[in-house]
Each structure stands twice: as structure tokens, then as C-alpha cells.
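Reader: I am new to this structure and would like a careful look at one part of it. Could you take me through the salt bridges and say where their partners lie?

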Amino acid sequence: MTTLTRKIIGLLNKLALITKRVNVQLMIVNNVHSNNRILYNENSSKNKAVVSYSFNVERKEKETFLEIIRLYEKKDRARIGQLHFITTALQYMDEFGVNKDLKVYKAIFNIFPKGKYIPTNKFQTMMFHYIKHQNVALSILNKMEDNFVIPDYEMQQMILNTFGKHNLVLKKCWSMCYWLPKFAHLNPWPVPTPVPTDPKELAQFAIKKLASADVQANVVVYNAKDIPDAIDDTWIVSTMSRSQQELLAVQPIDKSLIVEGPFIIWVDKYYIDYYVLKGDPIKREIIYDDFHDISNLKIPFWEKHYFKIPLTVHEQEDGVYYAMCATGTSSKDSLLSWIRCLQKTNPILKKIPVTFKFRSASNETSYIEDTDKKFDVKQISQDPDVSKK
């Protein structure tokens, strides 16, 4: 109705009877501009302003996210606010937990109308036909690249049907299809997909990642309730290699060891606090710098033998690292239970004094929700405390 009214007014202004009378023509124009119902389309303004509270729902799941997209496609058939909606949807993907789902990316890309943005001549191709729409499509592919989601053949066909063969979006898709599979299995510490939300499983992945520096390292899971007089009923994930046991066996009894932490290690998008058992650095006399250098080889049959003990990766400048662990509560009692668990395989720990040195953590606490339970992933802030066993 509004379009028909505009055409009628345009035809009236072209009549010779009205063009000769300027006052009448100005009066019609003023009435048209002052009438919001003719030149102001209320529905178009609502479609342009795609409000963000459409994604503010209680159940933030994949099905809910796809339902929001279906409702938008049903409401805005002309795709007037498509760019704003796609940009908003990309911002809420992490919150809904669908940032690694290829099906959701296809649903978002399918919002673009097919065939409308395909260039028809070389000049449109040179000027990047519908550059704003191409940039939004590139943001979808960049989001996929950041979350390591590889596009498939169907995604490529959607790009061809939307933007044609000569555009930046298709080049980006081909680049991702070539490079991303090459890096798909290069992570030396792979994490299953989807990433587990149990802190105990995350701690095992974290400790295995730390223990990968020594191929002889062994990861063991203890239960604090098996230790007499233990207060915290929690799990303890510990690692200690054979070389670390040998270094601990020659540790002087008069020098104390330190349990220091917490330190942070990331497992995918989560992080775990871990603690280390360390001692003072070992001073050694280096006789030969290189075992493979035979240019100055000596055969001392009757001289005093000097043998160099090979340095291990656990001996650093700030000390010797004997063991590492992560506990469910990250409390002093759980760490004390960890030391008592290590005493079973390392009896020398019963004679060596152990000092607990805690570092101050941030005040923020991160939780992972699993059904009705909340697991504390990050160590709750503690005041610096030093106590002796």
C-alpha cells in the first residue's frame, strides 16, 4: 500500500496541471514528507535492528541456537538485517557452546540469499561485489579457523551459490581446506572432542602434558581418603619418573624440600592448578662437555676415575623438580596427603623436612557446570602461607 501511494504521488507531480502551479506542488511534497506512514516504513526499521536479547535465553544449547536462526529466517524473509544478525550470532556461539560445530556454521552461512551477490561482469569482480557481505562471510570462516573447524564440500557449494567463483570468501575456504588438515594431528597433547568437563580428567591431561618432558614419567591417581588422618576426601593426580626417584634418593637429609604453587596449565579452554615438589640445585663438577667428542680422549688405567653424572631435564637453575601433582581441592591438607602417598615409594621423604610455600592466586573463581554440580577448576585465592610438616 505504501509503495502504491508513492507511485500515485509521483504521477500527480508530473501532471502539467500541477507543475504549472508551484504552490500546489510544494504543498503535496510537504504533506508527503510530514506523513510518516508514507515515507517511513516501521517494519523495515524493526528488521534492521536485530536485537541481541534474542539470544538471551535460559537454555543455551545447540538446539536453542538453531531454533533462533530458524525463527529469524521465518521472520525476516527479505534478509534486511542479515549482516547484523550474523555478527551477533557469531558473538554468542562461545556462550552456547557451538563454536566447534560445523552444522551450526552452515546454518549461519545459509542466511545469505542465494544468487543475489554473484557478480555478472568483470567490473563487479574487480570492485569486490557486495564487499560488506563478503567481509561478514569471511568473519564466519575466521571463526571456524580459530576453533579449528574444517569446511567440507557442502560449505564450498554454499559459498559458490552465494558469491560465485571469483571472491575472497571462496579463496579463504580453499586455503582452510588445504592447510587445516595438515595441522589436524600435530598437537602432541591431544584432547578428546568434546572436551571433558570433569576436573579429574582435565587434571590427568594436564599432568600428562607436564610429564611429557620425561618419557619415563608415570602418572598415578591417588585417593586422599586412603591416607590415615586425611581431612579432605579428594583425588590427587601425581607424576614422578624413575630419574626423579634416583635424584631424590641422594637428596641430603639436612636440606628441606619445598611444595610450591599453584601454577597454571591450560587444557583446551580450561586451566588447572598444579604444584611441584622441588629442592635446591645440585652442584656438579663437569669433566667433559660433550660425550660424543673423542678428539681429546683419555684412557686413565692407573689414574683416578672421574665420571660425570648425566644431567636430567628435572635439574634446572632454580632447583631440582622431584614430582608434580594436581588435587581436587588444592588445599594444604590434600598436598600433605600427596606427600604421604609419595612416601610409600620414596622412604627418604620420611626423613626430609618438607615446607609448603603457597603463592597468592587471583580472587576470581572459574567453574565448570556438570548437571547440578559445580566443579572448581581454578584455585580459590589463598593468602601466602608457609608451614612445615
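Author: What follows is a walk through several salt bridges, with a helix beside them at the end.

This is a predicted model, in which local features need pLDDT of at least 70 and side-chain atom pairs count only at pLDDT 80 or more, while totals for chains, interfaces and linings use all residues. Residues are numbered from 1 along each chain as its sequence is written, and side-chain values use heavy atoms, with hydrogens and water left out.

A salt bridge here is a side-chain nitrogen of Lys or Arg within 4 Å of a carboxyl oxygen of Asp or Glu, and by this rule the count comes to 12. One of them joins the side chains of Lys62 and Asp101, at 2.8 Å from N to O. Because Lys62 belongs to helix α6 (residues 62–75) and Asp101 to the loop between α8 (93–96) and α9, this pair ties together parts that are 39 residues apart in sequence. Helices are DSSP runs of H or I with at least four residues, and strands are runs of E with at least two, both numbered from the N terminus.

To describe how open a residue is, buried means under 20% relative accessible area, exposed over 50%, and partly exposed in between, with a 1.4 Å probe and protein chains only. Lys62, at 28% relative accessibility, counts as partly exposed.

Helix α6 also holds a salt bridge within itself, since Glu67 and Arg70 both lie there, 3 residues apart, about one turn of the helix. The closest N and O atoms of Glu67 and Arg70 are 2.8 Å apart. Glu67 counts as partly exposed at 34% relative accessibility, and Arg70 counts as partly exposed at 45%.

A further salt bridge brings together the side chains of Asp94 and Lys143, at 3.1 Å from N to O. Asp94 is in helix α8 and Lys143 in helix α11, so the pair ties together parts that are 49 residues apart in sequence. Asp94 is partly exposed at 42% relative accessibility, whereas Lys143, at 16%, counts as buried. Elsewhere, salt bridges that share partners join Lys106, Asp152 and Glu154 into one network.

Helix α11 (131–146) returns in the packing of helix α12, whose buried residues pack against α9 (102–109), α11 and α13 (168–179). In α12 (residues 153–163), the buried residues are Met155, Gln156, Met158, Ile159, Thr162 and Phe163. These residues cover an arc of only 160° around the axis, which puts them on the same side of α12; the arc is that of the directions from the helix axis to the C-beta atoms.

Terms used
Contact means heavy atoms within 4.5 Å.
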